[in-house]
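Here is an informal walk through one protein chain, written for someone meeting it for the very first time. Take a look at the sequence and the model, then read on.

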Amino acid sequence: MDTQLKKGFLELLVLAAVKNRPSYGYKIIQDVSTVMEISESTLYPILKRLELQNFVVTYTEEFNSRLWRYYQITSSGIQRLKDCRQEFDELIKVYDFIMS
């Protein structure tokens, strides 16, 4: 898959992974890896970008005497996923045209 296309999909997959509940890095990797391979070195820059774009916010909680950073989707992030659906519908039309 094209690197730029994969990058865009990964950002959307990460947003989808935190859509229903806040999550932490390792769990996001597990969830996203069921669809597309992702490593820690790929995930954390994506999370930082999503945070800078106000698509996710972070907070920390103590668990087993360690602080865990959780990521939670914002209303802007939810809107980004909705916009993605429209873009996906347009992309399907392009693929249908190419394949016909």
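What follows goes from the overall build to the sheet, a few single residues and the largest pocket.

## The overall build

Keep in mind that this is a predicted model. The chain has 100 residues, and 27% of them count as buried. Its secondary structure comes to four helices and three strands. If you follow the sequence from start to end, the pattern you meet is α-β-α-α-β-β-α.

How big a box do the C-alpha atoms fill? Taken along the principal axes, that box is roughly 60 × 25 × 20 Å. The accessible surface of the chain is about 7100 Å², and carbon and sulfur atoms make up 53% of that surface. As for contacts, take those in the chain with a separation of 6 or more: 47% of them are between residues 24 or more positions apart.

## The sheet and its hairpin

The three strands form an open sheet in the order β1-β3-β2, and the pairing is antiparallel. The edges belong to β1 (23-24) and β2, and each has a single partner strand, so one side of each has no neighbour in the sheet.

Now zoom in on β2 (56-63) and β3 (66-73). These two strands run antiparallel and are joined by eight bridges. Two of the pairings are easy to find by eye. Tyrosine 59 has tyrosine 70 in β3 as its bridge partner, while phenylalanine 63 stands opposite arginine 66 in β3.

The hairpin of β2 and β3 has two residues between the strands. Asparagine 64 is in the loop there, and so is serine 65. What is special about their backbone angles? Asparagine 64 has a phi near 50°, a positive value in a residue other than glycine. Serine 65 also has a positive phi, near 65°, and is likewise a residue other than glycine. For background, most residues other than glycine have a negative phi.

Are these loop residues buried or exposed? Asparagine 64 is exposed, because its relative accessible area of 62% is over the 50% cut-off. Serine 65 counts as exposed too, with a relative accessibility of 68%.

## Three buried residues

Some other residues sit on the buried side of the scale, where the cut-off is under 20% relative accessible area. Here are three of them, with where they are found.

| Residue | Location | Relative accessible area |
|---|---|---|
| Threonine 74 | loop between β3 and α4 | 11% |
| Glutamate 11 | helix α1 | 17% |
| Cysteine 84 | helix α4 | 19% |

Start with threonine 74, which lies in the loop between β3 and α4. Which residues does threonine 74 touch, if you leave aside its neighbours within four places in sequence? The contacts are Asn54, Phe55, Val56 and Val57. Threonine 74 counts as buried because its relative accessible area is 11%, and buried means under 20%.

Next comes glutamate 11 in helix α1. Not counting residues up to four places away in sequence, glutamate 11 touches Ile46, Arg49 and Leu50. At 17% relative accessibility, this glutamate is counted as buried.

Cysteine 84, in helix α4, is buried as well, at 19%. The chain brings cysteine 84 and leucine 12 to a C-alpha separation of 7.9 Å, although they are 72 residues apart along the chain. Both of these residues turn up again in the lining described next.

## The largest pocket

The largest pocket has a volume of about 280 Å³. Which residues line this pocket? The lining is made up of Leu5, Gly8, Phe9, Leu12, Leu13, Ala16, Met36, Arg80, Cys84, Glu87, Phe88 and Leu91. The elements that give two or more residues to the lining are α1 (3-17) and α4 (75-99). Of the elements, α1 gives the most, with six residues.

What is the lining like by class? There are nine nonpolar residues, one polar residue and two charged residues. To find the pocket in the model, you can begin at Leu12 and Cys84, both part of the lining, and look along helices α1 and α4 from there.

Conventions. Residues are numbered from 1 along each chain as its sequence is written. This is a predicted model: local features need pLDDT of at least 70, side-chain atom pairs count only at pLDDT 80 or more; totals for chains, interfaces and linings use all residues. Side-chain values use heavy atoms; hydrogens and water are left out. On a 1 Å grid over the protein atoms alone, a cavity is a set of points where a 1.4 Å probe fits but cannot get out, and a pocket is an open set with protein on both sides within 12 Å along at least five of seven lines; lining residues have an atom within 4 Å of a point. Grid points are joined across faces, edges and corners, and a volume is the space filled by probe spheres set on the points. Ala, Val, Leu, Ile, Met, Phe, Trp, Tyr, Cys and Pro count as nonpolar, Asp, Glu, Lys and Arg as charged, and the others, Gly among them, as polar. Buried means under 20% relative accessible area, exposed over 50%, partly exposed in between (1.4 Å probe, protein chains only). Contact means heavy atoms within 4.5 Å. Accessible areas come from the Shrake-Rupley method with a 1.4 Å probe; for residues, only the protein chains shown count as cover. Two strands pair if DSSP finds at least two bridges between them.
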